[in-house]
Number of protein chains: 2
Amino acid sequence: MTRKVRIVVEYDGTDFSGWQRQTGQRTVQETLETAIREMTGETVFVRGAGRTDAGVHADGQVASFSFEATGVGIPPIGLLRGLNSILPPDVALREVHEAAPDFDARFSAQGKIYRYTVLADPVRSPRRARHTWHVRTPVDLAPMTRAARLLVGEHDFAAFRASDCDRRTTRRLVRRLDISRVAIGAGAELTFEIEATAFLKNMVRIVVGTLVDIGRGRIPEDAVARMLSTGDRALGGMTAPAHGLTLLRVIYP
Amino acid sequence: MTRKVRIVVEYDGTDFSGWQRQTGQRTVQETLETAIREMTGETVFVRGAGRTDAGVHADGQVASFSFEATGVGIPPIGLLRGLNSILPPDVALREVHEAAPDFDARFSAQGKIYRYTVLADPVRSPRRARHTWHVRTPVDLAPMTRAARLLVGEHDFAAFRASDCDRRTTRRLVRRLDISRVAIGAGAELTFEIEATAFLKNMVRIVVGTLVDIGRGRIPEDAVARMLSTGDRALGGMTAPAHGLTLLRVIYP
């Protein structure tokens with residue numbers, strides 16, 4: 001009997017070449033598929049809700065796969081424990097659930113939440129280095145917050161995607177974009193949380209890079225409005241590095 | 001002219017054999033002394049406020065050293081930037097200050113604050129693995145909190161030290177011991193914060209290991225009271241592993 005499974009996966013993206021299987025690279029998808037084959041004897045295809053880039057982390061990536069379960073019936077908790085004992089230290093399943101036959105982690109998703117962390121501090125912080133983008137100059141939160149407000153809602157995000165992004169439509173609905181600030185010594189840690197129905201390639205990293213470049217005065221505050229109206233990526237800021245980004249949660253009905 | 005310097009140091013302890021210089025080992029003290037020699041040309045002795053064990057982290061370790069500054073006068077900020085560019089990714093200075101000639105990071109300290117983090121969850125968490133002790137069984141916070149209260153104040157902590165601890169007196173003043181709990185999926189993250197005038201060797205790790213063993217029912221709640229009255233280490237719980245521990249801050253007048 002074919003069984004469909006939904007898993008919630010946590011990983012430290014530092015030593016992975018991203019989610020998606022690529023020949024000769026260590027990827028999260030391939031690591032999971034290998035562990036499942038080792039445990040069940042079956043070659044499965046693990047479909048992720050989001051194909052995170054190299055270096056991007058996940059607290060709650062979601063994936064689905066089907067398997068035949070011809071051998072001993074394994075309950076979800078047994079699958080979770082068995083796979084976690086096989087998987088390397090930087091990746092683990094947090095949850096395993098039986099899913100409906102038509103569940104697909106990617107196409108059933110109704111939204112995703114990403115978090116991005118920035119340390120704005122003249123001095124680097126070794127304990128944050130793996131998961132935080134370090135910016136040495138001060139950033140001014142007020143113009144960033146004003147610019148961020150313009151991004152909430154349904155817009156054409158053509159200016160906020162990688163040049164090799166192949167999606168046909170570029171309209172997306174951003175449900176929420178919050179920025180919070182905590183003082184750290186002489187500097188500050190900024191946390192961006194962004195929720196949208198779907199994202200274009202590098203969209204969060206271009207949003208954050210553009211807002212940070214506004215906050216440190218490298219580009220004008222009206223850059224966001226102009227990007228939305230013209231679709232011109234060149235008006236924006238840099239693409240923030242991958243290691244500051246975490247896929248927090250995927251939303252299903 | 002001899003100058004005395006006070007530095008605040010942050011490190012990820014994972015790949016260090018602790019603070020104190022040991023032949024053939026990679027230690028924080030030796031790494032700092034090498035970087036200072038490279039920058040100033042002087043062989044200095046870096047005195048740390050606390051000699052953290054192998055694997056223990058620090059957000060705010062404090063250390064002091066003297067140097068002759070015979071060359072170009074370097075302001076503290078120049079020393080900080082220069083040393084941080086030489087130091088490896090897992091250690092950095094967060095602050096550098098000129099200090100009074102009689103300042104000594106260890107003997108001038110009036111207290112220290114440590115934090116210990118525990119994940120009580122049937123499932124492991126890759127992104128917490130470097131800095132959190134993972135316990136698979138549930139822990140009951142109520143008896144732990146009651147037992148923790150007995151430790152606050154001045155007591156003989158003879159039962160809360162490593163067998164090779166060489167301090168003559170074992171009375172210590174614990175100013176504060178707080179435990180907080182945040183739900184994480186099906187489990188919980190527990191954070192212990194403990195402030196004392198001074199600590200015995202492994203004292204925080206034995207306190208946390210004993211409280212966690214009370215919380216998961218391995219030893220009775222009155223173990224703490226009996227340890228304090230008898231000085232018998234054998235009545236306590238395990239020594240919690242090093243990697244959950246962080247030296248947060250050192251207190252000076």
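A residue is called buried when its relative accessible area is under 20%, exposed when it is over 50%, and partly exposed in between, using a 1.4 Å probe and protein chains only. By that rule D12(B) is buried, at a relative accessible area of 10%.

This is a predicted model, in which local features need pLDDT of at least 70, side-chain atom pairs count only at pLDDT 80 or more, and totals for chains, interfaces and linings use all residues. Residues are numbered from 1 along each chain as its sequence is written, chains are lettered from A and ligands numbered from 1 in the order in which they are written, and side-chain values use heavy atoms, with hydrogens and water left out.

**The two copies**

A turn of 180 degrees with a shift of 0.0 Å along the axis lays chain A on chain B with an RMSD of 0.0 Å; the superposition is by least squares on the C-alpha atoms of residues with pLDDT of at least 70 in both copies. The two copies are thus related as by a two-fold rotation axis. In chain A, the C-alpha nearest the axis belongs to R130(A), at 5.7 Å.

**The interface**

Contact means heavy atoms within 4.5 Å. The contact takes 28 residues from chain A and 28 residues from chain B. Buried area is the accessible area (1.4 Å probe) that two parts lose on being put together, summed over both. For chain A and chain B it is about 2,100 Å², with 44% of it on carbon and sulfur atoms. On the side of chain A, the residues that lose the most area to chain B are R94(A), R124(A) and R127(A), together 38% of what that side buries.

A salt bridge is a side-chain nitrogen of Lys or Arg within 4 Å of a carboxyl oxygen of Asp or Glu. The rule finds 4 salt bridges across the interface of chain A and chain B, and 40 over all chains.

Helices (H or I, at least four residues) and strands (E, at least two) are DSSP runs, numbered from the N terminus. R94(B) lies in strand β4 (residues 91-99) of chain B and is buried, with a relative accessible area of 13%. Its contacts include L119(A), D121(A) and V123(A) in the other chain, and V8(B) and E10(B) in its own, not counting residues up to four places away in sequence. The side chain of R94(B) also reaches the backbone oxygen of V123(A) at 3.0 Å.

**Selected salt bridges**

| Pair | Closest N to O distance |
|---|---|
| D59(A) and R127(B) | 2.8 Å |
| D178(A) and R176(A) | 2.8 Å |
| R130(B) and D12(B) | 3.2 Å |
| R176(B) and E193(B) | 3.3 Å |

The pair R130(B) and D12(B) links distant parts of the chain, 118 residues apart: R130(B) is in the loop between β5 (111-120) and β6 (133-135) of chain B, and D12(B) in the loop between β1 (3-11) and α1 (28-40) of chain B. R130(B) is partly exposed, at 29% relative accessible area, whereas D12(B) is buried.

R176(B) sits in strand β8 (residues 171-184) of chain B and E193(B) in strand β9 (residues 187-196) of chain B, so their salt bridge ties together parts that are 17 residues apart in sequence. R176(B) is partly exposed, at 25%. In chain A, salt bridges that share partners join R115(A), R175(A), R176(A), D178(A), E193(A) and E195(A) into one network.

Definitions and conventions: Polar contact = N/O pair within 3.5 Å; in protein donor to acceptor, adjacent residues only side chain to side chain.
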